[in-house]
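Hi everyone, thanks for coming. Let's have a look at this one together, starting with the picture.

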Amino acid sequence: MQAAGTTTDYPKMNYGAGNKWIKHLTQGRLGTFNGGHYADANLASVLYTHRIDDSSYVKLQVWSAPGLEKPMFEEAIKQKFRSAKKGDSFGPSCTCSTTCTNHWWKVSLTIPAYWAQYERVQFEFDPGCEAMVFTTDGVPLQGITGGYGGDRRVEHIIPREAVKAGKYEVVIESSCNGMFGVPWNGDTIEPPDMNRYFSLASADLVVPNQEAWGLWHDFTTLREISETLPGNTSLQNRALVAANAIMNAFDKHEPTSVSRARAIAAEVFGAGWEEKGAAVYEEGVPKGEESIWGVGNCHIDTAWLWPYRVTQQKVARSWATQVDLMERYPEHRFVASQAQQFKWLEQLYPPLFERVKEKITSGQFIPIGGSWVENDANMPSGEALARQFIFGQRFFETRFGKRCETAWLPDTFGLTGALPQLIRLAGMKYFFTQKLSCNVFPHSTFNWVGIDGSQVLCHMTPVDTYTAQATVGDVHKGITNHKNLESSDTSLLAFGNGDGGGGPLAKMLENLRRIRAVSNVSREIPPVSMGRSVDDFFQTIEKKSDEGNKLPNWSGELYLEFHRGTYTSHGSIKKGNRKSEILLRDIEILATLASLYRYHKKDYAYPDAKINECWEKVLLNQCKEVHISSGMVYEDAEKLYAEVRKEGEKLLEEAFGALFPKSIPVSPSTQIPNKAGRLIALNTTPFARRDVIKVPLGGNARIKNQVVQASKDVKTGYALMESESDGNGNLSVSTGLYADCMPVSVFTNGSDHFVLRNSSVQLTITQGRITSLRDVALDRELIPSGQSGGLVIFDDKPNYWDAWDVEIHHLETPHQLEFGDISVVAEGPLRASIKSVVKYRQSTIDVTISLDAITASKKKNSRSMFVFDAVVDWHEKHEFLKFELPLNIRNDNATYETQFGFVQRPTHKNTTWDMAKFEVCGHKYADLSEFGYGVALLSESKYGFSCRGNVLSISLLRAATAPDASQDQGTHEFSWAVMPHKGHFLESDVPQAAYVFNSPLHVRYLLDEGVEAPLLNAEPPFKLEGASNVFLETVKRGLYDDFSPNSEPASVVTVVLRLYEAFGGHAHPKLKFAKHVPVLKVFTTNLLEDEELQLNMFKDEDKLTVVKLDFHGFEVKTVKIILGKPHVGASGATIKRDSWVTIDDECL
């Protein structure tokens, strides 16, 4: 009799061997299920039900655009096409004008009638390169990425109505470049193969076996789970068991085996998961509680291993693909930054732009970042960074009706500590980045506090990439690699192919659905949220972290311990950037004055559109890969800088024509007429200053009377220009030597000993090296005994990233150069100069060292500085040219200018973090100071500096060969200066002197021809008093003014000033307006000039209108001035003139 509660199901006898596997062998078996050696027998053999490619079904015609032309659809479709076929070769990728790099294909398909029974029919087009599918009337449909990489997408789904009709036509544009250019040996960083051909590997009509593809996705997810989850977990083993069972169940000869295999997968994913579609994300954990938030992106480098014209195509291809995916995957959210790319789309692909706008309205396609491009954040000036946000946010607002809330720089090579303040001033408070995963960085989610104390909520994805492939490993890493789970347990998964574009693929979205399905029934894998925005992600973190109070802080710059060579590579790009930034600042100041005064030219209108066009070109060139000089777009970039310079000089002349119509620009090439006149100059800096300028004398006897010193051949002279008061737009006039000037002299023994000296400072060169730098007034030697300064060459062979990196071991290979063939070229009293010619292998380095009879600034106790003007004919490879100066000064930190302030970095190697800063970015100065004294190096176009112990250096030229094989070869002209100063840096005039060093006067010869020039005696319109640490950086017209020529007398006229505190302390300056400026109201605003606080105005003892400003350390402040009607003149009569300011005797 059977006992109660027992069962007969468990056999009494066991004759088997048991069911124990060897786990790692089973795990290894999974790699044989798709493709590879067993492709004819495994899942790959059933992925397609039908495939045909003969000409009766697929008809191809092609037109190859000549040379490098990339015509738009409307032009291409009109051309004469020739017959083509699968297997044809096309190219090469060469820049020769006789070859073709862009090809247009007309595709006409005849679809078998019986194919209408199938769920999907596709056209597979694989040109081995990038391509775009258009409708026959020019609407972009999707991108194509040929080849067999992980970014492959060659299928185009044919609409159901076309399948039923049996006919379908499209037009395809293909380009002879891969996703990452055409490197000659396949290594991304190598120079391009200029003779690479591509072939049309596939042009097939296919019927995919959708159920088999579903199994492919199922199996992929199961395999990832089994290989990714650590240890010996239940879910890992269940996934492996299921994947193994699927392989056992599959039979290529039995179609129903695919469905049976999929049912096995569903045991892990959960019953009915697939039928739920996007609703799978509505189950499981409550919405907003997910650990991983998925969002698609494709991070298109605005230029890198390709020119801008290719980027324009990449944008269209990538974004069209995402719009297509959104139709099939409603949970798909895609973010795109870079207003420039949206503008290209609007200009070049209007139908696609409209499709994108529709998806923006639906919330699926999400503009992000608020900037013009994903810019470099080390080298652009503070004002340029501000303009990145201004131009970006205004574009998004005018096109899509809203501004961005999240700043987005995932791949920027280091981030200035000035950014948090600028992000907040641009109306954003969230920030996403990723590149610092190259460092050992301690946080994932944190409050990033800038140099002024402003903070942004920052997330660096623990997934450590902005091009995640949406794998189980990516999702798992979002938690296991999170650095501060104690304060935030949420991560952003930024997935999609990037750098070269592409974005998410269908396989990624399929994988994420399965991962979420698993997490809905198992806690061993983090749940993924889809269908929400990055703003939602940050808002959730903000709420959960008690507005950031539970998060760690990081103060100051986010220094990338990588790619330090980018501060110096491609000197022409660095120079073009610096000069363009300053040129645009000067144009805005002059154009503002000209538009307000209209004294000589009543129809002058502020050239807002032209200035903006120039700014857009400069901002475009500040995209990361151009500005850091690690790509292949230099012809484009240098062309844009040339255009900015040409247009900028024209705009300057137009403004001068309105202000001083009878004036001639003075330059070395100027032919000054032999007519009565005087030298004047416009000072665009906010500082009173003295300058020594070089003037061509020619045959003009009158101008000779205005110079203090003439050359021996009397062809050039040196004039002393004086600007007596502070204030942008102030005039400098030529003078004689003042009593407080310090006549200069040069001494030589005739061979190897030269001394430049005045009563302030002295520099000695002995046997080609700088052996002495003295403060004459203090009798202090600044170079330690036995050491010398000068030019130094280092071997420069990075471990891999040639144009990007300079490694610390380059410092082990110094080769000191000697100033040779020295001659005296100017003997004083206003300027003394010596010229040296240095021969090094294939290169020639000409350096002129000058000392003037004036100090670096008009600050009390300022010292003179030594200016080094170099002309270098550079033909080296893998060598690094620097200028270095050992100093008798000790400090654990050196000071470098950054945007709107400075940053201090260690001079020692206490920790690996300290050691990593052996090469750093600075702007106009680098300084080493101790109590009582310091020395600064000033730069007018260089950004790389270092200070190792007591050796302060500036980086001048590199010579990488990849990706540009001829980087920096040729002629370079640049300058730097050595500036001793009494007192510590914080007591010095280094920032002011560096500002002036970068801002040469606009010198004019004003003819005495009876033309009234009231500005000669007028006070500057805007002037700061009471705070020497506050700089007036920008003077411009308001963003929302009407600039049409006849509009201004009846419209609101505003002037906008941007100011910043430069030394890191508080300040309470007074902003004074000249009497001829009719101020109505004054506001402080954000960068976008939204009015925030109206300032109280009052009159001072001189009857000037004044407002008080308050600054904290490194604060940036924007002031908007609303002008009223012109005031009543001294005679009591209202001035009858189309001018917004009036100058008469009362105002002078």
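I'll talk about one sheet, a helix that lies across it, and then a couple of cysteines. Keep in mind that this is a predicted model.

Okay, the sheet. How many strands does it have, and in what order? It's an open sheet of six strands, and the order is β3-β2-β5-β10-β7-β8, with antiparallel pairing. As a reminder, strands of a sheet pair through backbone hydrogen bonds, either parallel or antiparallel.

Now, which strands stand at the edges? Those are β3, residues 82–84, and β8, residues 140–145. Each has a single partner strand, so one side of each is left without a neighbour in the sheet. As for the twist, it averages 30 degrees from one strand to the next.

Let's zoom in on the β3 edge. Its pairing with β2, residues 58–65, is antiparallel and runs over three bridges. If you want one to find on screen, look for Q61: its bridge partner in β3 is S83.

Next, what lies across the sheet strands? That's helix α8, residues 308–328, and it lies across β5 (102–110), β7 (130–134), β8 and β10 (167–175). Relative to β8, helix α8 runs at about 110 degrees.

Last topic, cysteines. How many disulfides does the structure hold? Zero. Take C298: the nearest cysteine sulfur belongs to C623 and is 15 Å away, and C298 is in no disulfide. C298 is buried, with a relative accessible area of 3%. C947 is in no disulfide either, and the nearest cysteine sulfur, from C921, is 16 Å away. C947 is buried too, at 4% relative accessible area.

Note on methods:
Residues are numbered from 1 along each chain as its sequence is written. This is a predicted model: local features need pLDDT of at least 70, side-chain atom pairs count only at pLDDT 80 or more; totals for chains, interfaces and linings use all residues. Side-chain values use heavy atoms; hydrogens and water are left out. A disulfide is a pair of cysteine sulfur atoms within 2.5 Å. Buried means under 20% relative accessible area, exposed over 50%, partly exposed in between (1.4 Å probe, protein chains only). Two strands pair if DSSP finds at least two bridges between them. Helices (H or I, at least four residues) and strands (E, at least two) are DSSP runs, numbered from the N terminus. Axes are lines fitted to C-alpha atoms, for helices over the stretch in contact, and angles run from 0 to 180 degrees between N-to-C directions. Contact means heavy atoms within 4.5 Å.
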